[in-house]
Amino acid sequence: TFLRTTAEQLDPAIPAVLTAHGTIDGATLGAERQIMLGKDLILPRSFVALPGIDYVALGHIHKHQTLGEHPPIVYAGSIERIDFGEEREDKGCVIVKLERGNTSWQFHKLAARPFVTVDVDVRNSPDPQARVLTAIERQQLTDAVVRVQIKALPDQAGLLRVDDFQQQLEAAGAFQVAAIATDIERANRGRLASGDENILDGLTPRKALELYLRAKDTPEDRIAALLDAAEELFAEQSDGASA
């Protein structure tokens, strides 16, 4: 191949670095790849682990990881988080000491903007509004991207004032409020109860999909990504019907 032939022509006295932007077999995909449609071309590790190469610097996958040490094959990862799938991932950079045949490297954690999920279950609470406000107050939210996920009973839904949550999040210094979502418990989440089939009457395909995803406890960012991806299918269906 071109890479192997080129590597064989390198000056053996000079340390060599191979950089690549793609997916190497064995890599753990980050959250940003799980929401993409289609499939990446996955290259074998032998594609980059070439004689004469002292360090392989990889990009494309946001999760920091190493795939080998001879030579070092390293995804530095992204220096910032892009969604809540990366909420607990360390972000940083890689410092490389490049030497012919003896390269070393070290991951350095950076102070990436935090993503914080506030999970609150108010189903057993006599004052669900206060329970949510207390849960928000206990979090360190300065300069964070925040989402609030609330589990509640049907008769508690009217007691939850979202504007109050928004104001408290802003007062706590949140950089951005990504979502405030309430998951209302139902007796039978997986199926419609007898006589409830008419609930679906008049629903658009988008709304029906959204209801299904929420019934499956799908995370909010995942719901948004799937709905956006489905818009093209809905549009094609509409065009076909009008034709």
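User: Among contacts in the protein between residues at least 6 apart in sequence, what percentage join residues at least 24 apart?

Analyst: This is a predicted model, and in it 63% of the contacts between residues at least 6 apart in sequence join residues that are at least 24 apart. As for the elements that you will meet while reading it, the secondary structure comes to 6 helices and 11 strands.

User: How much of the protein counts as buried, and what is the accessible surface made of?

Analyst: Of the 243 residues, 33% count as buried, and the accessible surface comes to about 15,000 Å², of which 52% belongs to carbon and sulfur atoms.

User: Let me try a single residue: is T23 buried or exposed, and which residues is T23 in contact with beyond its neighbours in sequence?

Analyst: Buried means a relative accessible area under 20%, and T23 has a relative accessible area of 5%, so T23 is buried. T23 is found in strand β2, which covers residues 23-24, and, leaving aside its neighbours within four places in sequence, T23 is in contact with L29, D40, L41, I42, L43, H60, I61 and Y75.

User: Y75 is on that list; which way do the side chains of its strand, β6, point?

Analyst: In a regular strand the side chains alternate between the two faces of the sheet. In strand β6, residues 72-75, P72 and V74 point one way while I73 and Y75 point the other way, and all of them are buried.

User: Which strands pair with β6, and in which sense, parallel or antiparallel?

Analyst: Strand β4, residues 55-59, pairs with β6 in the parallel sense over 3 bridges, and within that pairing Y75 is the bridge partner of L58. Strand β5, residues 65-69, runs antiparallel to β6 and is joined to β6 by 4 bridges, with V74 as the bridge partner of T66. The connection from β5 to β6 is a hairpin that passes through 2 residues.

User: Now for the open sheet of 3 strands: what is the order of its strands, and which of them stand at the edges?

Analyst: The order is β9-β10-β11, and the pairing is parallel. The strands at the edges are β9 (115-121) and β11 (176-184), and each has a single partner strand, so one side of each is left without a neighbour in the sheet. Neighbouring strands of this sheet are turned by 10° against each other on average, direction ignored.

User: How many bridges join β10 to β9 and to β11, and which residues stand opposite each other?

Analyst: Between β9 and β10, residues 145-152, the parallel pairing runs over 7 bridges; F115 stands opposite V145, and V116 stands opposite V146. Between β10 and β11, which also run parallel, there are 8 bridges, and R147 stands opposite A179 there. Strand β10 is mostly covered, since 6 of its 8 residues are buried.

User: Where do helices α3 and α4 lie with respect to these strands?

Analyst: Helix α3, residues 128-137, lies across β9 and β10 and runs at about 150° to β9. Helix α4, residues 162-171, packs on the sheet and touches β10 and β11, its direction making about 145° with that of β11. To read the path of the chain, follow strand, helix and strand in turn: β9, α3 and β10 make a right-handed β-α-β unit, and β10, α4 and β11 make a right-handed unit of this kind as well.

User: Which residues of α4 are buried, and why do they count as being on the same side of the helix?

Analyst: The buried residues in α4 are F165, Q168 and L169. They cover an arc of only 100° around the axis, which puts them on the same side of α4. On the other side of α4, the residues D163, Q167 and A171 are exposed.

User: What do the buried residues of α4 pack against, and which residue follows this helix?

Analyst: The buried residues of α4 pack against α3, β10 and β11. After the helix comes G173, whose phi is positive, near 90°.

Technical notes. Residues are numbered from 1 along each chain as its sequence is written. This is a predicted model: local features need pLDDT of at least 70, side-chain atom pairs count only at pLDDT 80 or more; totals for chains, interfaces and linings use all residues. Side-chain values use heavy atoms; hydrogens and water are left out. Buried means under 20% relative accessible area, exposed over 50%, partly exposed in between (1.4 Å probe, protein chains only). Contact means heavy atoms within 4.5 Å. Accessible areas come from the Shrake-Rupley method with a 1.4 Å probe; for residues, only the protein chains shown count as cover. Two strands pair if DSSP finds at least two bridges between them. Axes are lines fitted to C-alpha atoms, for helices over the stretch in contact, and angles run from 0 to 180 degrees between N-to-C directions. The arc is that of the directions from the helix axis to the C-beta atoms. A crossover is right-handed if, with the strands pointing away from the viewer, the path from the first strand over the helix to the second runs clockwise.
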